[in-house]
Amino acid sequence: MLMAANSTTKITTVSLALMTAAAVISLRGLPMMAKEELTMFFYIGFATFLYLIPASLVAAELGSAFSDKGGGVYTWMKAGFGSRLGFLAIWLQWIQNVVWYPTVLAFAAACIAYTIGKPELANNGTFVGIFSIVIYWLATLLAFKGTDLISKVTSYGFVAGTVVPGVVIIIIAIVYILKGEQIQFLHPTENVASIVKEVNGQLQPRWAPNIQGMGDIAFLAGILLLFAGVEVHAVHAQELKNPQRDFPKAIGLAGIIIFALFTFGSLAVATVLPYEQIDLQAGLMEAFRVIFLKNGVPWVTSIIGILAAFGVLAGVTSWIAGPSRGLLWTAKEGVLPPFWSKTNANGIQINILIVQGCIVSILSSLYFFMDNVSVAFFLLSALTIGLYLIMYLMMYATGIKLRYTMPDLPRSYKVPGGNAGMWLFAGLGFVATLFSFVVAFFPPTQLPVGSPGSYVAMVAGGTIIFVALPLIIAKKPHTHL
């Protein structure tokens with residue numbers, strides 16, 4: 001996101017759709033959606049139409065308007081609200097990624113636990129915490145070298161570690177159904193009011209969540225996190241042959257791919273596993289274990305575990321240096337103290353990555369102290385999405401403001417419908433994002449979070465600290481775009 005897009009380069013609609021899907025899709029979220037069973041359609045629909053599509057369209061306009069400049073969201077927000085809030089935006093995009101690492105590494109830890117035949121380790125906080133810290137620092141050391149090896153590993157990681165296991169779990173569920181096995185989500189055994197209703201003494205699944213309080217839809221925040229990141233590739237809209245025509249098609253195709261893999265993958269997990277066996281971070285591997293064990297090929301679970309872990313680790317490695325490049329941009333402008341601008345011989349922002357690694361280590365230590373790994377997993381997810389949603393709120397506001405303060409700014413792609421269209425999509429996205437932000441502070445009724453007050457205090461406290469820090473340390477830039 002630092003480099004200006006090459007206006008002479010053209011990419012196809014399908015290529016941009018696949019790039020967007022790859023940036024968004026992660027198998028670690030399948031168990032969370034599977035936990036909602038049939039009500040997942042409500043959450044996925046909300047995330048797709050009220051979050052993914054508005055965010056894509058607004059980000060595409062902003063990305064095309066500033067395609068000749070670096071800095072990503074920092075540049076966008078700076079144009080709308082000044083360098084201080086621009087720095088807040090890029091900081092939030094960076095720090096949410098830092099908070100995200102322990103959650104995705106916990107999923108990788110679960111994959112490895114199943115690979116070595118010790119699934120119980122997936123819920124062992126000490127194992128998950130140590131694994132997350134060690135693997136993250138190893139990936140950071142690789143990032144220091146700035147070699148082409150990282151890009152080669154990550155290019156194969158998405159296909160081998162995400163697409164393949166995702167397709168396999170869907171095929172497994174289809175075969176499971178064709179063999180006449182009981183479809184678990186159609187025969188609930190746990191009376192969870194938000195997803196199950198009782199009719200004539202029989203438990204039946206709900207198609208829409210029974211919302212009696214914010215805690216009943218708290219998973220909405222975690223599910224939105226699965227759809228975040230679309231703005232990363234929206235900056236490539238101007239590289240399409242006809243951005244105004246082709247970008248909506250690319251986003252539509254990406255939306256279909258994301259919807260299909262998330263929906264059918266989650267349904268596959270809910271098909272094979274009873275509700276009480278769906279674990280937020282190990283549920284996918286447990287589904288594989290159950291079905292392969294039943295068919296006499298338990299060793300296949302280890303193969304899938306290795307592939308899924310490879311996908312996670314490749315993704316982590318690819319993202320370690322990425323979002324922090326935005327911070328390096330602001331450091332070179334003088335918004336951050338000189339300490340943050342230090343790079344090594346390979347041009348890698350070494351001090352930023354060290355600070356990043358220290359924060360990841362501290363957050364990963366939560367697994368040591370919380371009795372339930374799933375609760376720690378969701379707590380970090382809630383904190384992550386809360387920070388990211390603030391950035392999206394700023395992005396929507398910037399999109400609207402610049403239509404009036406910079407009406408003549410060249411935009412190779414514009415949100416359709418003129419200013420009214422921008423108000424419609426950005427306004428819709430803003431309201432949906434604000435609602436989801438509020439929901440993120442409520443403990444989910446589906447998890448044993450312990451003290452609700454402590455949960456809220458940790459999420460709110462983390463949000464306040466991570467939002468206040470950039471406002472405290474930001475300085476006035478010494479260069480101008």
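A salt bridge here is a side-chain nitrogen of Lys or Arg within 4 Å of a carboxyl oxygen of Asp or Glu. By that rule the count comes to five salt bridges.

Before you start: the model is predicted, so local features need pLDDT of at least 70 and side-chain atom pairs count only at pLDDT 80 or more, while totals for chains, interfaces and linings use all residues. Residues are numbered from 1 along each chain as its sequence is written, and side-chain values use heavy atoms, with hydrogens and water left out.

**Exercise 1. Find the salt bridge partner of Glu61 and say which parts of the chain the pair ties together.**

Step 1. Start with the chemistry: side chains of opposite charge can pair when their charged atoms come close.

Step 2. Look at the side chain of Glu61, which meets that of Arg403 at 2.8 Å, N to O.

Step 3. Place both ends. Glu61 lies in helix H3 and Arg403 in helix H16, so the pair ties together parts that are 342 residues apart in sequence. (Helices are DSSP runs of H or I with at least four residues, strands are runs of E with at least two, and both are numbered from the N terminus.)

Step 4. Check the surroundings. Glu61 and Arg403 are both buried, where buried means under 20% relative accessible area, exposed over 50% and partly exposed in between (1.4 Å probe, protein chains only).

Step 5. Widen the view: Glu61, Arg403 and Arg411 are linked in a network of salt bridges.

**Exercise 2. Take the salt bridges of Glu333 with Lys78 and of Lys294 with Glu181, and work out whether the partners are buried or partly exposed.**

Step 1. Glu333 and Lys78 meet at 3.5 Å, N to O. This pair links distant parts of the chain, with Glu333 in helix H13 (residues 324–333) and Lys78 in helix H4 (residues 73–81), 255 residues apart.

Step 2. Both Glu333 and Lys78 come out as buried.

Step 3. For Lys294 and Glu181, the closest N and O atoms are 3.8 Å apart. Lys294 sits in helix H11 and Glu181 in the loop between helix H7 (148–178) and strand E1 (196–199), so this bridge ties together parts 113 residues apart in sequence.

Step 4. Lys294 has 47% relative accessibility, so it counts as partly exposed. Glu181 is partly exposed too, because its relative accessible area is 28%.

**Exercise 3. Check the length of helix H11 (residues 283–294) against what you'd expect.**

Step 1. Get the rule: the expected span is 1.5 Å times one less than the number of residues.

Step 2. Apply it. H11 has twelve residues and should span 16 Å.

Step 3. Compare: the end C-alpha atoms are 17 Å apart, which agrees.

Step 4. See what is covered. The buried residues of H11 include Leu284, Phe288, Ile291 and Phe292.

Step 5. Look just past the helix: H11 is followed by Gly296, which has a positive phi near 75°.

**Exercise 4. Which residues make the nonpolar surface patch, and which helix gives the most to it?**

Step 1. Set the criteria. Patches take residues with over 30% relative accessible area and no salt bridge; like charges are joined within 9 Å, and nonpolar side chains (Val, Leu, Ile, Met, Phe, Trp, Tyr) within 5 Å. Areas come from the Shrake-Rupley method with a 1.4 Å probe, and for residues only the protein chains shown count as cover.

Step 2. List the members: Ile130, Val134, Leu138, Leu141, Phe368 and Phe369 make a patch of about 590 Å².

Step 3. Assign them. Helix H6 (125–145) and helix H15 (366–369) each supply at least two residues, and H6 gives the most, with four.

Step 4. Spot-check one: Phe368, in H15, has a relative accessible area of 34% and is therefore partly exposed.

**Exercise 5. Compare the settings of Ser266 and Pro410: is each one buried or exposed?**

Step 1. Ser266 is in helix H10 (residues 243–272). Its relative accessible area is 0%, so it is buried.

Step 2. List contacts (heavy atoms within 4.5 Å). Leaving out residues up to four places away in sequence, Ser266 touches Leu30, Met33, Ala34, Met40 and Leu261.

Step 3. Pro410 is in the loop between helix H16 (373–405) and H17. At 61% relative accessible area, Pro410 is exposed.

Step 4. With the same sequence cut-off, Pro410 touches Ser64 and Ala65. The C-alpha atoms of Pro410 and Ala65 are separated by 5.8 Å, though the two residues are 345 apart along the chain.
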